[in-house]
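Here is a short report on helix packing, nonpolar cores and backbone geometry. Keep the structure open while reading.

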Amino acid sequence: MSGTENQMTGAEIVLQALKDNGVEHIFGYPGGAVLPIYDEIFQQEDIEHILVRHEQGAGHMAEGYARSTGKVGVMLVTSGPGATNAVTPLQDALMDSIPLVCLTGQVPTTLIGSDAFQECDTVGITRPCTKHNWLVKDVNELAGVIHEAFRIAQSGRPGPVVVDIPKDVQFATGTYTPPSAAPIQKSYQPKLQGDANQIAAAVSLMRSARRPVIYSGGGVVNSGPEASRLLRELVEITGFPITSTLMGLGAYPASGKNWLGMLGMHGSYEANMAMHDCDVMVCIGARFDDRITGRLNAFSPNSKKIHIDIDPSSINKNVRADVPILGDVGAILEDMVRQWRAAAKDYDKTVQNDWWTSIAKWRARNSFAYKASDDVIMPQYAIQRLYELTKDRDTYITTEVGQHQMWAAQFYGFEHPNRWMTSGGLGTMGYGFPAAIGVQVAHRDSLVIDIAGDASIQMCIQEMSCAVQYNLPVKIFILNNQYMGMVRQWQQLLHGNRLSNSYTEAMPDFVKLAEAYGGVGIACDKPGDLDGAIQEMIDVKRPVIFDCRVANLANCFPMIPSGKAHNEMLLPDEATDEAVANAIDAKGRQLV
Ligand SMILES: Cc1cc2nc3c(=O)[nH]c(=O)nc-3n(C[C@H](O)[C@H](O)[C@H](O)COP(=O)(O)OP(=O)(O)OC[C@H]3O[C@@H](n4cnc5c(N)ncnc54)[C@H](O)[C@@H]3O)c2cc1C
Ligand SMILES: Cc1ncc(C[n+]2csc(CCOP(=O)(O)OP(=O)(O)O)c2C)c(N)n1
């Protein structure tokens, strides 16, 4: 500290503000425009800096860290290319409601607008992909802005924020304002408590239901562990069936008796049919995404809809709510459970008997079924075995994007919130591995596995070097089908089976790749060897790439093709093997 007690340089202010906001880890990559901050990082020991290999990696690490801890993830990048490389994780965090603070270096204030070396308009570029952003030109405002950045990132609907700090501001000396004295933006005061009359109207509608369903989402996880506990209590006292989006998995346990499985494009038949035929839908912290609704004008045509959401812009955005309730899931569920217990003492769950009979028939359809094989590892089987061998451990799962992601959602049973990290809204290939590193940084002794595809993993594979440097024993479990499987599936089913550029011809040797980075490589291609190989992966206390060679052309079902209704879903036994057998690439070559 220089000068009087609260006089500091901008770089010192950054570090002090991070400490005062409880930050213990930051993910970053240096460059000219952030060197004063890196100099301060060098001179302290309270905050651990994790050196990534690409700024995209820093962002996804911060996301995984945030989602698995409930805290804010922090990333630090330089100006120009450092900032532009951060755009993908910022947009990813925006779409999935993940709290991130991204600090970017900027050219000195005197050079802004002069096409200076590594200058870009960071606030302009990141405005649409952040919840809020700032360019700080006065060192005396720096501390207040950083404190406000943390408040905005984590309150209300969580999201990413950017604080852009010119280099001369990092060098300048100014006054440090502690969080308690920092000014706040009065216009941003998210409403947490739900309107009691609206909650009463919802309870009354729920009591009158004969075919109810709870549709829960990522907002329950965002709200914290108490919201998940209250969700479980609500299901218990109402006896309602419950489904969840991809983002909400774990808030209600997969082993729970009222669980219908995930809904949506690759959701279970029973979940989607229940959504289609219900008379009262209770949407809790979900946003009626198009992967959920399918064709909007055919979405759940005969139901009354209750929608709980903290973001007013989510309500009535895609689907009209009959009973909107604005506020935090946890606060609203607390009131809803209390009101239900008071008003519905005489509630007779047998009014739902016919509904549960219909659900049992849909369940019997066994919509996740697949053809087992003794010769080749089916991808679904690989996830089932991975689940069985890791479920009793302290395990966190992340994914990349594609078929493997959907099979993970279908076949890995999540019992608790914050154990499942996936890129839902943006669907970012390359998310899963850095996210897993972020999780492992926060949970050093836990088992952290990235379920990956052979194409996705190549998008951020350079972070193996980061995992090795920090002794982070993250496991990459690749379902290697040699294709961009999800793209191939769509081409097969919706584009005349012309497999345009979805086949990877020059696949790396993943075992050697792991070894080249100083990690461990394991390969397996026989169902009979799988358990032993997975056990070996679990036992290794170093980063592992597990090359699980699976059936090349398996498809992920059920599937609601884009623009179709819930009751028009394709089921596994309705798919044609013949089309797969006739697959050709752009040069007319037979690929099977
Ligand atoms: C290849 C692929 C396939 C996919 N297929 C499926 C699929 O089959 N099924 C599926 O479900 N998804 C699928 N997805 C994911 C999908 O794109 C969406 O990301 C997901 O459905 C959105 O989940 P959500 O509605 O829970 O919203 P989130 O994005 O998690 O949003 C949460 C909502 O809750 C609100 N909220 C946040 N915090 C709070 C709080 N404290 N209190 C109250 N409200 C809060 C937010 O304002 C927001 O409206 C797929 C993605 C990919 C990449
Ligand atoms: C960055 C990015 N580019 C392109 C896509 C489009 N995309 C979605 S899934 C997919 C294929 C994924 O292949 P792979 O990782 O091998 O997984 P698989 O589907 O085979 O399980 C592609 C290209 C994307 N989601 N993200």
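In this predicted model, helix α12 passes α15 in a right-handed crossing. Helix α12 spans residues 269–277, and its axis comes within 8 Å of that of α15. The two axes cross at roughly 145°. On the α12 side, the contact is made by Tyr269, Glu270, Met273, Ala274 and Asp277. On the α15 side, Trp355, Ile359, Trp362 and Arg363 take part. By class, the residues of this contact divide into six nonpolar, no polar and three charged.

Ala360 belongs to the same pairing of elements by position: it sits in helix α15, residues 353–363. Its relative accessibility is 44%, so Ala360 counts as partly exposed, the range between 20% and 50%. The C-alpha atoms of Ala360 and Glu270 are 8.1 Å apart, although 90 residues separate the two along the chain.

A second helix pair involves α1 (residues 10–20) and α7 (residues 139–154). Their axes come within 9 Å and cross at roughly 25°. That angle is under 35 degrees, so α1 is roughly parallel to α7. The crossing of α1 and α7 is right-handed. Helix α1 contributes Gly10, Ile13, Val14, Ala17, Leu18 and Asp20 to the contact. Helix α7 contributes Val139, Leu142, Ala143, Ile146, His147 and Phe150. The classes here are nine nonpolar, two polar and one charged.

Next, the cores. In soluble globular proteins, nonpolar side chains tend to be buried together. Which residues have the most contacts inside the largest nonpolar core? They are Ile284, Met336, Phe477 and Phe546, in a core of 76 residues. A second, separate core has 43 residues, among them Phe27, Ala62, Cys102 and Met421.

Phe477 shows what such a position touches. Leaving out residues up to four places away in sequence, the partners of Phe477 are Ala382, Leu386, Ile449, Asp450, Ile451, Ala452, Ile534, Met537, Phe546 and Cys548. Phe546 is thus on two lists: it is a contact of Phe477, and it is named with Phe477 among the residues with the most contacts in the largest core.

Is Gln489 buried or exposed? Gln489 is buried, because its relative accessible area is 0%, under the 20% limit. This glutamine lies in helix α20, residues 485–494. Beyond its neighbours within four places in sequence, Gln489 contacts His266, Gln403, Asn555, Cys556, Phe557 and Met559.

One of those partners, Phe557, leads to a backbone feature. The peptide bond from Phe557 to Pro558 is cis, with omega near -5°. Pro558 lies in the loop between β21 (544–549) and α23 (577–581).

Most residues other than glycine have a negative phi, and most peptide bonds are trans. Two residues with positive phi are set out below.

| Residue | Phi | Loop | Relative accessible area |
|---|---|---|---|
| Phe288 | near 50° | between β12 (280–284) and α13 (290–293) | 3% |
| Gln482 | about 65° | between β18 (475–480) and α20 | 18% |

Neither Phe288 nor Gln482 is a glycine. Phe288 is buried, because 3% is under the 20% limit. Gln482, at 18%, counts as buried by that limit too. The loop holding Gln482 runs between β18 and α20, and α20 is also the helix where Gln489 is found.

How values were computed. Residues are numbered from 1 along each chain as its sequence is written. Chains are lettered from A and ligands numbered from 1 in the order in which they are written. This is a predicted model: local features need pLDDT of at least 70, side-chain atom pairs count only at pLDDT 80 or more; totals for chains, interfaces and linings use all residues. Side-chain values use heavy atoms; hydrogens and water are left out. Helices (H or I, at least four residues) and strands (E, at least two) are DSSP runs, numbered from the N terminus. Buried means under 20% relative accessible area, exposed over 50%, partly exposed in between (1.4 Å probe, protein chains only). A nonpolar core is a set of buried Ala, Val, Leu, Ile, Met, Phe, Trp, Tyr and Cys residues joined through side-chain atoms within 4.5 Å. Contact means heavy atoms within 4.5 Å. Axes are lines fitted to C-alpha atoms, for helices over the stretch in contact, and angles run from 0 to 180 degrees between N-to-C directions. Angles under 35 degrees count as roughly parallel, over 145 as roughly antiparallel, 65 to 115 as roughly perpendicular and the rest as oblique. A crossing is left-handed if the near helix is turned anticlockwise from the far one by less than a right angle, and right-handed if clockwise. Ala, Val, Leu, Ile, Met, Phe, Trp, Tyr, Cys and Pro count as nonpolar, Asp, Glu, Lys and Arg as charged, and the others, Gly among them, as polar.
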